[in-house]
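Please examine the structure shown below before reading on. The exchange that follows concerns its disulfides and domains.

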Amino acid sequence: MSDATQTGPVLAADGRPLKRSLQRALRAQKMRALALIAPLLIFVLLTFVAPIADMLFRSVENSIVSDTLPRTVLALKDWDAKSGELPDESVFAAMAEDLKIAEAEKKHITLAIRLNYQTSGVSSLFRKTGRQVKKWDVPNDGPYMEKLLDVDDDWGSHELWRVIQTYSANYTPGYFLNAADMELGPDGVQQVDDSQKIYVMMFKRTMFLSIVITVSCIALGYPVAFLLASLPLRTSNMLMILVLLPFWTSLLVRTSSWKVLLQQQGVINDILVWIGLVDDANRLVMINNQFGTIVAMTHILLPFMILPLYSVMKTIPPSYVRASKSLGATNWTTFWRVYFPQSVPGIGAGSILVFILAIGYYITPELVGGTDGIFISNRIAFHISRSGNWGLGAALGSILLIVVLMLYWIYDKIVGIDNVSLG
Amino acid sequence: MKLKTLMLSGGALAALAVSAYAAGHGNMAGSMTIVSWGGAYQKSQINAYSAPYQAMNDGLEVIWDESSNEAVAKMRAMYEAGNVTWDLVDVEGPDATRLCDEGLAMEIDFETMLAPGDDGSTPADDFGDSLINDCFIPQIVFSTTFGYRTDVEAWGGNAPDDLCDVFDLEAFPGKRALEKRPKKNIEWALLCDGVAKDDLYDVLDGEGGVERALAKLDTIKDQVVWWSAGAETPQLLADGEVVMGSTYNGRLFSVIEEQKQPVAMLWDYQVFDFDGWIIPKDLPDDRLARVLDFVKYATDTQRLADQAKYISYGPARASSQPLVSTHADLGIEMAPHMPTNPANAQRYLVNNLEWWADNQDDVETKFQAWLAQ
């Protein structure tokens, strides 16, 4: 069988090594496939990946300070914030010059808004100083330490100069620290005051509520999916429409309907009072709290659990169940040992879908969540669209993204991502 | 396909013809994107400003974008992307100041770009205190104030007539609706904690001022439903979910007069705010000319007075006040429903915007942390 000449690589018909020509053929195929998906790939990169990357980049970007106050930043470099003394005249002169240029370009208030995130009062200080500095003949009518202190005592604030020095770098961990209830203090990283701690608690609550919502979706969705999968096609199609109908209804309409049902003067409370289960004076509080958020979001996300479960259950051959029973298993054993294990990939897919959607929700919690049922996304939305603190919003968003990716990784380790199926 | 091409080119030809005509006649044809708040307020602007203006300017198309709530963020994004699609933006005073500060709004020459008052006053005199910065063209004065239900049995026939009744759970039990933001709430809380109106911001600036306000709010915290959209309080009042609540006075007017709900106004210490236009900076010349022409028309004495026919907000011009007439559909006198009416404005507040610009990040965080406790 073996021959001395055949110890070398296997050759193709044209005399080249078979492995290499196979690779070449495959490469050509891959390139063709890549060319086919190229439009989509470019589209996704340009409209999805790039904007998100740009937004996330803002969580560390901080060049506004050194761009607007280049001279001050340079002059402040040698100042020792711990010395307890104010910076010297050269720093004040640099500040006056920077402010005069920034005022002319209308940039000083934008910078003040940025610095105001770190210490209150900069906004009015810069506005006031901007109006004065316009009239000065910088750099000839010094000394500026006196002049600036004349404009406002706050220029003598040690904290102000420390903040400018701390945030003079082009990149800052400041937003990420803020997002974790910490800040850059005089002695490095420190916890913020207890009265301002909010984000860590919000992250924990977002996790907790999302898990509760996912579990409720499994509990409610599994029996429905089971019913859909085991009924004859004609009936199950009818029922399927009932599952999909809310899916096609506006999110706001569904959320508002829950308000009508759950509020204290709402339908459910009215019925409970009418049949005498609840006293009229002590109607149940079921909305504007965590309970309201859980109920409304479970309802809204339920189809995302039922659909993957249904399509997985549809593929489980009924003959397995019959075989199990004919071998003497009880109904429960058949379900638990034969049917349920085969439906687990559906639970996995549904849970990932529901959990990831839940963690980023903000409209429903905003409307029905009251004070203890709102999510971290509500804060992100607030910072992006209302307060204008995009850096903090981006940092919160980045943390949320990292947490989701980590959970996904843990899920893959424990359950295995191969063990997820959409049918 | 062929038909479509034909129609498209036909449409383009027609458009060309119209614009050629317009160019020759100094007409303001073309399209203009105006950003506003949606709802009844935007409708009042359409009725009072843009519809009559369009009737005079054939071929002018007005596109309404209901994004005022996020105007600052969206305008920033537009300028960063270098593609500003808005021509005129309706914002509240503080947002206008912010856009002006950030250099995103155009500075207005009030004397030349706005019409003089009907009574002969200059625009600057006519608008008076409402000119809060160099970019803002005021339209209305609105107020945030309380409404209460008139049929609460537990109150024993009493009706609240003092702001501090909001904080009085014994005399006026029941749930209250307050905005899920610190502004206005902490001022009201301090007023009812014994602080004089003139000392408000001194107290807030001092040690523990904000905490003092939050402590006062703490006394009613478990009876408060927090709202984030202005439409929520009227709905909550109408449903009987709350017995009193704060919202914009125009929303309460519509619950009381248009929907005839058993609700009444509590004007005490209403908080005044201005709402008006800003023009995005660096618009191309043709768009700028169109917008300036429209704004001059839409903010003249008669137009501002006309808006009060459709919604109960006070015109920002002094010269418009005597012209305020009756509601367009209901036929009732509008003057008694204006927040600026002397009977309603016996006691009022104006937010110190400078203090808020300095402290809002700090106070907002404290307030949200307090809420979440």
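The questions and answers below treat the cysteine links, and then the two domains of chain B.

Tutor: This is a predicted model, in which local features need pLDDT of at least 70, side-chain atom pairs count only at pLDDT 80 or more, and totals for chains, interfaces and linings use all residues. Residues are numbered from 1 along each chain as its sequence is written, chains are lettered from A and ligands numbered from 1 in the order in which they are written, and side-chain values use heavy atoms, with hydrogens and water left out.

Student: How many disulfides does a search of the whole structure find?

Tutor: A disulfide is a covalent bond between the sulfur atoms of two cysteines. Here the rule asks for a pair of cysteine sulfur atoms within 2.5 Å. Over all chains, the number found is two.

Student: How far apart in sequence are the parts that B:Cys100 and B:Cys135 tie together?

Tutor: The sulfur atoms of B:Cys100 and B:Cys135 are 2.0 Å apart, and the two form a disulfide. B:Cys100 lies in helix α4 and B:Cys135 in the loop between α6 and β4 of chain B; helices (H or I, at least four residues) and strands (E, at least two) are DSSP runs, numbered from the N terminus. The pair therefore ties together parts whose separation in sequence is 35 residues.

Student: Is the disulfide of B:Cys164 and B:Cys192 right-handed or left-handed?

Tutor: B:Cys164 and B:Cys192 form a disulfide with their sulfur atoms 2.3 Å apart. The torsion about their S-S bond is about -100 degrees, so the disulfide is left-handed.

Student: Is B:Cys164 buried, partly exposed or exposed?

Tutor: Buried means under 20% relative accessible area, exposed over 50%, and partly exposed in between (1.4 Å probe, protein chains only). Its partner B:Cys192, at 13%, is buried. B:Cys164 has a relative accessible area of 28%, so B:Cys164 is partly exposed.

Student: What area is buried between domain 1 and domain 2 of chain B?

Tutor: The assignment, automatic or from a database, gives domain 1 (2-135 + 279-336) and domain 2 (149-272 + 342-372). Buried area is the accessible area (1.4 Å probe) that two parts lose on being put together, summed over both. Carbon and sulfur atoms give 55% of this area, and the total is about 820 Å².

Student: How many salt bridges are counted between domain 1 and domain 2 of chain B?

Tutor: A salt bridge requires a side-chain nitrogen of Lys or Arg within 4 Å of a carboxyl oxygen of Asp or Glu. Between domain 1 and domain 2 of chain B, the count is zero.
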